[in-house]
Amino acid sequence: MGAAVPHESARLHVTGAAQFTDDLIPRTKDVLHAHPVQVPQAHARVTALRVAPALRVPGVVRVLTAADVPGVNDAGIKQDEPLFPEEVMFFGHAVCWVLAETYEAARVGAAAVEVETEPLPSYVTVREAIAADSFQGAMPQLVRGDVETGLADAVHVFGGELEIAGQEHFYLETHSSLAHVDEAGQVFVQSSTQHPSETQEIVAHVLGRASNEVTVQCLRMGGGFGGKEMQPHGLAAIAALGATCTGRPVRVRLTRAQDLTMSGKRHGFLVEWRVGFDAAGRLLALEATLTSDGGWSLDLSEPVLARALCHVDNAYWLPHVRLNGRIVRTHKTSSTAFRGFGGPQGMLVIEDILGRCAPLLGIDPMELRRRNFYRRGQTTPYGQLVRHPERLDRLWRQVVDTGDIAARQREVAAFNAAHPHAKRGLAVTPVKFGISFNLTAFNQAGALVHVYRDGSVLINHGGTEMGQGLHTKMLQVAATELGIPLGRVRLAPTRTDKVPNTSATAASCGADLNGGAVRQACEQLRERLTRVAATMLGLNAADISIVDGVARGTGAPTGVEWNDLVRTAYFQRVQLFAAGFYRTEGLYWDSAAMQGSPFKYFAYGVAAAEVEVDGFTGTYRTRRVDIVHDVGDSLSPLIDIGQIEGGFAQGAGWLTLEDLRWNTGTGAARGQLATRGASSYKLPSFSEMPEVFNVTMLADAAEEGAVYGAKAVGEPPLMLAFSVREALRQAAAAFGPAGISIDLASPATPEAVFWAIERARACGGHGPTADADLAPGGAANAGHPTPERAPRTVSHV
Ligand code: MTE
Ligand code: MOS
């Protein structure tokens, strides 16, 4: 435990030997290839579907339509996602699937299918959907205290709006599935899924079968990032249906363009807010309405919204809060889970507010943030005690000290004074992220551990591997708990017939939950084996421990080798396999009241980012980033550092580079995703990495009650990237007079930063100083073009 070992598949990844689901195809005899028939309309009713022309294409074997579905024609769990729809709900929606001997034949066959439609009105943007009253799902409200009183008591009240963009997952491996049917009709689906049990359930209901007739396996994924939590189910169901209809293996693998145009993305949000501060800049009241863009179906939009509402506070004490949540239905791909699961959008609300209000309050943004941190004994707006808030102070101090922030702030000021056309900004932001699934029932996991007669160990657990290093950590847990070298333990691919009823590998709890289950299974085995060792050594079992593959009494020079111990146990007919189970204790959540204690603990982190912005183009460089992050006692330091770096980079991509654009015009391409390739969708790459990138894990941070004191690490670091956005805001502000509030679009692309600079410059020498009044649409925006996505200015209300 805690050893710095490489990812268990690192060698396979870098040599290309690692097998992903679609790599199985060359070894699969008689496989049929599936191709979707995508309809190029945002919203339309299908009035006729003629598949005969496709069947005349050489190589085409069958066209799957709604008529083939023996069970439920639905790919989701909300009954709002018809697998073969009669209504096209987004541009590129697949209405049927062609199966053929080759991928090319399937493609040509799909093009030959004739679809007649009748157009229906479509809503592409959140504002359009709101105007048309197009909502879906619940409208939760999270309330504490009395916002009206809080705002009335406030010395400063500000209001504003924020538009938060979505994000494309852009995992390297696109969605893929391969289904087989055996001689007894049992269906075996290999799928790139973060949630094999739910894929199994949905395949079963589409086929009208029981779950015990369907097995789902996930070898590993080339990235999931939440995009494979819900979205694989329908694709797996197509493969399974194809296999049951034809008796042949069926492969579904989306091309990049199909994946981009058919699968869901991070939810965009539109947020309106009012905030009140006291004279000292302490937050008194916040009222906000968060409207998320659910896309065409509900998918995971409700839990994503719940997590967003539960994270608006981030690291800050808010005495009076009223948060309204709602989800619009738009005619776009169905928004889904994405690293942070709504948490990032919620937290961005308060970070944006603090960044915009700090200059109006005349308080340095760093000071404003720190002053509002949670203190011991305070609770979140949903009523959970914030444990260990002092960790935030520790992290903050460590970043400020090791990042040399005070001296660098002076350097930044000197640089800005000397350079009219380039400005630097340096910002520090905190992260507090709740760990556990909000829905209590999901916080359980199972494992199966086998010790073979030769002493080798095989573990199965319910979690899936998507690059995050879960399997590496599980190997470490098993080796540590059994007291044997890591090399003796092997991990088998995730399968629903080994461990049933699993939760998605999500919410960053993969290691917490499955680690608990693996550990519990290993504990049983260790106890049984130490009893055997006790008889062999003539000692009391309580005095024996197994370390480095040898069982020995405390302080004893000799002991029993693991292999001998296992062999002896076998001959004594001791059970050498065990099932483990884990449930997170102490959770409670009332989703109607939006109150409870849904999280086992909070993961904390602090980041400092320094950027330099070019005044002519708005382009920028990230000069330096310093992160100190709380992972408890790290289970696997190399993995955890990789997660922190990767999460941060992905967050910076979301906030500053990646710009999803949809055709919002009224022409034939209305609703089409314009950024449907790596050529038009800008992902972070080496050149966007910080020039200096210091990542440290908080020391002495063991988390009681978690597996080996380790905290979850998968999602929280993404939100460390707020520091980059805030640094860009400050750099843009430096082009104008002191004390102006800068609105920054999200993503803060070079274009958006350029417009922010222009607005700062427009304030000229007469910008407001601290507390001067900014009338609505006032100084910061006066006389300048309003770019497409510029948020409206902060105003005193
Ligand atoms: N890291 C890699 N390399 N690839 C991924 O797909 N997904 C993230 C995170 N880190 C992801 C990743 C997301 S969205 C989650 S919820 C967690 O990993 C899931 O894994 P864990 O629970 O084992 O941390
Ligand atoms: Mo992660 S968004 O919870 O899969």
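Which residues does His388 touch, not counting residues up to four places away in sequence? In this predicted model, the answer is Tyr604 and Glu703. To find His388 yourself, go to the loop between α11 (365-371) and α12 (390-402). Tyr604 is a long way off along the chain: the two are 216 residues apart in sequence, yet their C-alpha atoms sit 9.4 Å apart in space. As for solvent, His388 has a relative accessibility of 19%, so it counts as buried. That call rests on the cut-off, since buried means under 20% relative accessible area.

Now for the empty spaces inside the protein. There are 5 cavities of 30 Å³ or more, and the largest has a volume of about 350 Å³. If you want to centre your view on that largest cavity, pick Glu81, Gly234, Leu235, Met262 and Trp296, which lie nearest its centre among the 21 residues that line it. Two elements to colour while you're there are β5 (93-100) and α7 (232-246), each of which gives at least two residues to the lining. What kind of wall does this make? By class, the lining of the largest cavity has 13 nonpolar, 7 polar and 1 charged residues.

Next, move along to a pair of helices, α18 (residues 722-733) and α19 (residues 750-762). Their axes come within 8 Å and cross at roughly 35°, and the crossing is right-handed. On the α18 side, look for Leu728, Ala732 and Ala733; they meet Val753, Ala756, Ile757 and Ala760 of α19. By class, that contact has 7 nonpolar residues, with no polar and no charged ones.

The loop between these two helices deserves a stop too, as Pro747 is found there. A cis peptide bond joins Ser746 to Pro747, with omega at about 5°.

Finally, check a couple of backbone angles. Ser436 isn't a glycine, but it has a positive phi of about 140°. You'll find Ser436 in the loop between β16 (422-435) and β17 (444-451). Is Ser436 buried or exposed? With a relative accessible area of 3%, Ser436 is buried. Ala507 is another non-glycine with a positive phi, this one about 55°. Ala507 lies in the loop between β20 (494-495) and α15 (510-537), and its relative accessibility is 11%, so Ala507 counts as buried as well.

Definitions and conventions:
Residues numbered from 1 in each chain as written. Chains lettered and ligands numbered in written order. Predicted model: local features only at pLDDT ≥ 70, side-chain atom pairs only at ≥ 80, totals over all residues. Heavy atoms only, no water. Helix = DSSP H or I, 4+ residues; strand = E, 2+ residues; numbered from the N terminus. Buried < 20%, exposed > 50% of the residue type's maximum accessible area, 1.4 Å probe, protein only. Contact = heavy atoms within 4.5 Å. 1 Å grid on protein atoms, 1.4 Å probe; cavity = no way out; pocket = protein on both sides within 12 Å on 5 of 7 lines; lining within 4 Å. Points joined across faces, edges and corners; volume = space filled by probe spheres on them. Nonpolar A, V, L, I, M, F, W, Y, C, P; charged D, E, K, R; others polar. Axes fitted to C-alpha atoms, helices over the stretch in contact; angles between N-to-C directions. Left-handed = near helix turned anticlockwise from the far one by under 90°.
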